[in-house]
Amino acid sequence: MSLSSKHQCREIITKAICGKGRKFSTVTHTVTPPNNPTSILGAWIINHQYEAVAAGDGIEVIGTYDVNIWYSYDKNSQTDVAKETVSYVERVPLSYLDPKHRASTVEVSAEATQEPSCVEASVSSNGKSVILRVEREYSVELIAETKVLVKVCDQKHGDFEDKEFEFIGGEDGDYEDLDFEDLEDEL
């Protein structure tokens, strides 16, 4: 069976990145240690865990992390560490979404491009708790099946079986990543 000259394109179904998004956020947490803090000696965030789920026209990153605050109390005569686990849900909107993707095949992923980190810690005005300012950033992708239109050539473009090709790049597959945002601008 051959293609007629008016049928020079074909639709194929493939799995592709059909949506992307990125979100930077700053959040505030209040931690009340067992003793009234005099000063903050250090604040760290550890044990960060998260997962991504599809949520309407965006992706939700659901996670937890532990906040550890080293503080002094009793007029700077003693120290202690306050620990608290924080749960969060961060909704990341998609900057683009292919409207023709097959919703039943959706998979989502998220990457913490900036792990949650404490950028400021201070004793509250009432002197009983610690106020933390935390920054975090996520990049998300929605992967699904979609249709792609390809051109079908009616001419044979040479015989490549007896040709040798040299591929430039690392032997272990360390090729440069493509920046899809730059490719979109060229279309």
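This report describes ring pairs, salt bridges, the nonpolar core and selected residues in one protein chain. The structure is a predicted model.

## Aromatic residues

A search of the whole structure finds 4 aromatic pairs. One of them joins Tyr65 and Tyr88, whose ring centres lie 5.5 Å apart with 40° between the planes, an arrangement classed as tilted. The two residues of this pair come from distant parts of the chain: Tyr65 belongs to strand E3 (residues 58–73) and Tyr88 to strand E4 (residues 78–93), with their positions 23 residues apart in sequence. Both Tyr65 and Tyr88 are buried.

Tyr88 also pairs with Tyr138, and this pair is stacked, at 6.3 Å centre to centre and 25° between the planes. Here too the pair links distant parts of the chain, since Tyr88 lies in strand E4 and Tyr138 in strand E7 (residues 130–151), 50 residues apart. Tyr88 has a relative accessible area of 6% and is therefore buried. Tyr138 has 0% relative accessibility, so it also counts as buried.

Taken together, ring pairs link Tyr50, Tyr65, Tyr88 and Tyr138 into a cluster. A charged residue is placed beside this group of rings: Arg136 lies over the face of Tyr88, at 4.3 Å from the ring centre.

## Salt bridges

Side chains of opposite charge can pair when their charged atoms come close. The structure holds 8 salt bridges. The table presents three of them.

| Salt bridge | N to O distance |
|---|---|
| Lys15 and Glu107 | 2.7 Å |
| Lys23 and Glu90 | 3.0 Å |
| Asp57 and Arg91 | 2.9 Å |

Consider the salt bridge between Lys15 and Glu107. Lys15 lies in strand E1 (residues 9–31) and Glu107 in strand E6 (residues 107–123), so the pair ties together parts that are 92 residues apart in sequence. Glu107 is partly exposed, because its relative accessibility is 39%.

The next salt bridge in the table is formed by Lys23 and Glu90. This pair connects strand E1, which contains Lys23, with strand E4, which contains Glu90, and the two residues are 67 residues apart. The partners differ in their surroundings: Lys23 is partly exposed at 27% relative accessibility, whereas Glu90 is buried at 7%. Lys23 and Glu90 also belong to a network of salt bridges that includes Arg136. Arg136 is thus named twice in this report, as it lies over the face of Tyr88 and is linked into this network.

The remaining salt bridge in the table joins Asp57 and Arg91. Asp57 is in the loop between strand E2 (37–55) and E3, while Arg91 is in strand E4, and the two are 34 residues apart. With a relative accessible area of 54%, Asp57 is exposed. Arg91, with a relative accessible area of 36%, is partly exposed.

## The nonpolar core

The largest nonpolar core has 24 residues, and those with the most contacts inside it are Tyr65, Val67 and Ile69. Strands E1, E3, E4 and E7 each supply at least two residues of this core. Tyr65 therefore has a part in two descriptions, being one of the residues with the most contacts inside the core and a member of the ring cluster.

The contacts of Ile69 can be listed apart from those with its neighbours within four places in sequence: they are Val31, Ile40, Gly42, Ala43, Asp80, Val81, Ala82, Val130 and Leu132.

## Selected residues in strands and a loop

Thr64 is found in strand E3. At 28% relative accessibility, Thr64 is partly exposed. Although Thr64 and Val86 are 22 residues apart in sequence, their C-alpha atoms are 5.4 Å apart in space. When residues up to four places away in sequence are not counted, Thr64 touches Asn47, His48, Gln49, Thr85, Val86, Ser87 and Tyr88.

Asn47, one of these contacts of Thr64, is found in strand E2. The phi angle of Asn47 is near 60°, a positive value in a residue other than glycine. Asn47 counts as partly exposed at 47% relative accessibility.

Asn76 likewise has a positive phi, of about 60°, although it is not a glycine. Asn76 is found in the loop between E3 and E4, and with a relative accessible area of 48% it is partly exposed.

Conventions:
Residues are numbered from 1 along each chain as its sequence is written. This is a predicted model: local features need pLDDT of at least 70, side-chain atom pairs count only at pLDDT 80 or more; totals for chains, interfaces and linings use all residues. Side-chain values use heavy atoms; hydrogens and water are left out. Rings of Phe, Tyr and Trp (its six-membered ring) pair if their centres lie within 6.5 Å; planes under 30 degrees apart count as stacked, over 60 as edge-to-face and the rest as tilted. Helices (H or I, at least four residues) and strands (E, at least two) are DSSP runs, numbered from the N terminus. Buried means under 20% relative accessible area, exposed over 50%, partly exposed in between (1.4 Å probe, protein chains only). A charge sits over a ring if NZ of Lys or CZ of Arg is within 6 Å of the ring centre and within 35 degrees of the ring normal. A salt bridge is a side-chain nitrogen of Lys or Arg within 4 Å of a carboxyl oxygen of Asp or Glu. A nonpolar core is a set of buried Ala, Val, Leu, Ile, Met, Phe, Trp, Tyr and Cys residues joined through side-chain atoms within 4.5 Å. Contact means heavy atoms within 4.5 Å.
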